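Student: I would like a close look at a single part of this model. Please take one residue and its surroundings, then turn to the nucleic acid.

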2 protein chains.
Amino acid sequence: MQLDERKFLILQAIIDDYIMTAMPVGSRTISRKSGVGYSPATIRNEMSDLEELGYLAQPHTSAGRVPSNKAYRLYVDHLMKSVKLSPDERERMHEHLVDKSKRVEGVIRAAANVLSDATKYTSVIVAPKLGTLKIKHVQLVPVAERTALMIIVTSAGIVKDTVITIPDNLDADDLYSISRMLTQKLADQPLEGVRQAFAEMLRDASDNRRLLGDALQVIEKRLESEDQADVIIGGSSNLLGYPEYADVNKARNFLAVLESKETIRRVLNRDGSMEISIRIGPENQVPELNDCSIVSASYRVGDHSNGTLGIIGPTRMNYNRVISVLDFMGRALSDVLSEYR
Amino acid sequence: MQLDERKFLILQAIIDDYIMTAMPVGSRTISRKSGVGYSPATIRNEMSDLEELGYLAQPHTSAGRVPSNKAYRLYVDHLMKSVKLSPDERERMHEHLVDKSKRVEGVIRAAANVLSDATKYTSVIVAPKLGTLKIKHVQLVPVAERTALMIIVTSAGIVKDTVITIPDNLDADDLYSISRMLTQKLADQPLEGVRQAFAEMLRDASDNRRLLGDALQVIEKRLESEDQADVIIGGSSNLLGYPEYADVNKARNFLAVLESKETIRRVLNRDGSMEISIRIGPENQVPELNDCSIVSASYRVGDHSNGTLGIIGPTRMNYNRVISVLDFMGRALSDVLSEYR
DNA sequence: GTTAGCACTCAACACCATCGAGTGCTAACG
DNA sequence: CGTTAGCACTCGATGGTGTTGAGTGCTAAC
């Protein structure tokens, strides 16, 4: 059996309705809809076919039909008619972004809020991978005996800092000149490639071997331990408004998942492309989120590094709108964050 | 009518029980408890008295009694016998703190997690007020045409940074020397007192007036806009496990409150003392949290500045344990964060 | 091929009886 | 006189029952 025009039409109507109401959809409801000129009986026959084909399911015998994950997949791939955001909605969203006092983290935080406000789902933004950013400046600042703060400024204007221990015969001026040297040597190197640069420096440097070794370690640690703080979540309470989370236990599980940045990172894991990716239900790799859908997009910072922004919601998500919003915000974020270059 | 010995005893037993079970407590339950040698009938009489005095309430005629806020107040003020944490519990908590790779924000984040894990409530930590910290170092870093990043390192090792615009005739070396000058002039000044220092500098400085003016503005803005990022919340999903939040709407409201850092800041607002403060129910100033209790303590960073750590939970909170944990963590945090000095 | 009609199913809802935890009161007890 | 046993009473919780109505599948007529 194949899907003909009419089956498409009916399936679409069912999905649209279910996305709105979260209630099983009956044949009468569809029949009454404008654009569908068939009686409930005809609809019922078609629905029966669609169920057999795996696009619909019945919670129980005398209930309406509910779209399956397969149906959502078909929907986002073929049925969905994309809607544009209205100009003043775009305007409003953009405003909130540039509003925030310009700092990278602030911008990202604001973006997360805008996303969750605009979609009423939970939003997640992952900051760009450090490794791909270029170093702009390195600065050592004394903070105590034998202790200094090492500050690394990247091309995206993102600042990372770590405490390191230093030999005790160094004073502020020494640190100053070391910083200067480090900056000269490392400027415009990607963080990833820093190891070689250091190797060279260690060979040349008569002095301060110990310090440089320390610094290298720090940078590397920073690179591999993808920092917790770099996952930002907005509107975590939004999902509680939906009937699929009326059960407190489900809600708690969901929130617990959100608290593990590690899991979030995994679930937003993307191949390199800039395309919007849609994972419906079990398509994502995290069992706890198997009844959620996750839509994600990329944003660019500087030349080659990018971050991820996404929306987590029930499988009966308003894909249409979410995609529009993510698409727009991805571009907006890229714009705003690239002004630093 | 006054509270005699026996009324105290009974009230305490009721509160203890209710804290454990969240169920209205009946006379039989109390009578069976070890340490109480009276029959249910006697207990009932006493309970009746306690109700008249406003310490107990009955949800409905044939239910047991529930402690009132007044009762909790009495409990924390007089009835509670303080328990110590076991040494290895202390050990474990402390471990998690120093574990984290030494950064201030990382430590605070870890502390929030430890707090919520140890208490099973929601924890909140507010970073120390910037204004009270001393400046250690100021650094301007060029990031683009006419744009620089201004980084301020405080005595606590906390780094703050903001983007500022600069005159376009300045190159990296100029910024370097300006940074040096700024650091020299401002080092060891509290952030609050920076205004005068700047005034002087503006008078003297032949050049760079525009830049200095910009920088001053930035610092001041930073001071007054108590930064969002400085409120950190742990275990927000913990409260959903308690029967008082079985209703999804209540849960949602609660979570929505947590998302507003502004409100959190207000609710944790403390007078200067280092004492542990307990706000029961409506004693806190935020109507949305009127059925919560909030216990908070201070931790010290450096010489004179301190931050706040707190626990938010239902009024029938395990005050005893929460107080012990907060007390310990306050000290531990102070210790860890003062190592930077 | 489409649709009206009809019997059938089943969750949701309201209603009701029962149960039991807990109370207040009274009278008896040491 | 304080304490306690006994008892009638209250009322939420629980579980069973009947009704309702949305929705289906099937059949027969258009």
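Student: Which residues does Ser305(A) touch, not counting residues up to four places away in sequence?

Tutor: The model is predicted. In it, Ser305(A) touches Pro128(A), Thr132(A), Leu133(A), Tyr299(A) and Arg300(A), with residues up to four places away in sequence left out of the count. Ser305(A) belongs to strand S10 of chain A, which covers residues 305–314. The relative accessible area of Ser305(A) is 2%, so this residue counts as buried, the cut-off being under 20%. Gly131(A) is 174 residues away from Ser305(A) along the chain, yet the C-alpha atoms of the two are separated by 8.5 Å.

Now to the nucleic acid. DNA strand D is surrounded by 20 residues, and the closest are Ser27(A), Arg65(A), Arg6(B), Thr42(B) and Ser62(B). Of the atoms of DNA strand D that come within 4 Å of the protein, 76% belong to sugar and phosphate. By class, the residues of this surface are 12 polar, four nonpolar and four charged.

Individual atom pairs involve base, sugar and phosphate parts of the strand. The side chain of Arg65(A) has an N or O atom 2.9 Å from a phosphate oxygen of DNA strand D. For Ala63(A), a backbone N or O atom is 3.5 Å from a sugar or linking oxygen. Arg44(A) places a side-chain N or O atom 3.1 Å from a base nitrogen of DNA strand D. Two elements give two or more residues to the surface near DNA strand D: helix H3 (40–52) of chain A and helix H3 (40–52) of chain B. H3(B) supplies the largest share, four residues.

Definitions and conventions: Residues numbered from 1 in each chain as written. Chains lettered and ligands numbered in written order. Predicted model: local features only at pLDDT ≥ 70, side-chain atom pairs only at ≥ 80, totals over all residues. Heavy atoms only, no water. Near = heavy atom within 4 Å. Polar contact = N/O pair within 3.5 Å; in protein donor to acceptor, adjacent residues only side chain to side chain. Nonpolar A, V, L, I, M, F, W, Y, C, P; charged D, E, K, R; others polar. Buried < 20%, exposed > 50% of the residue type's maximum accessible area, 1.4 Å probe, protein only. Contact = heavy atoms within 4.5 Å.
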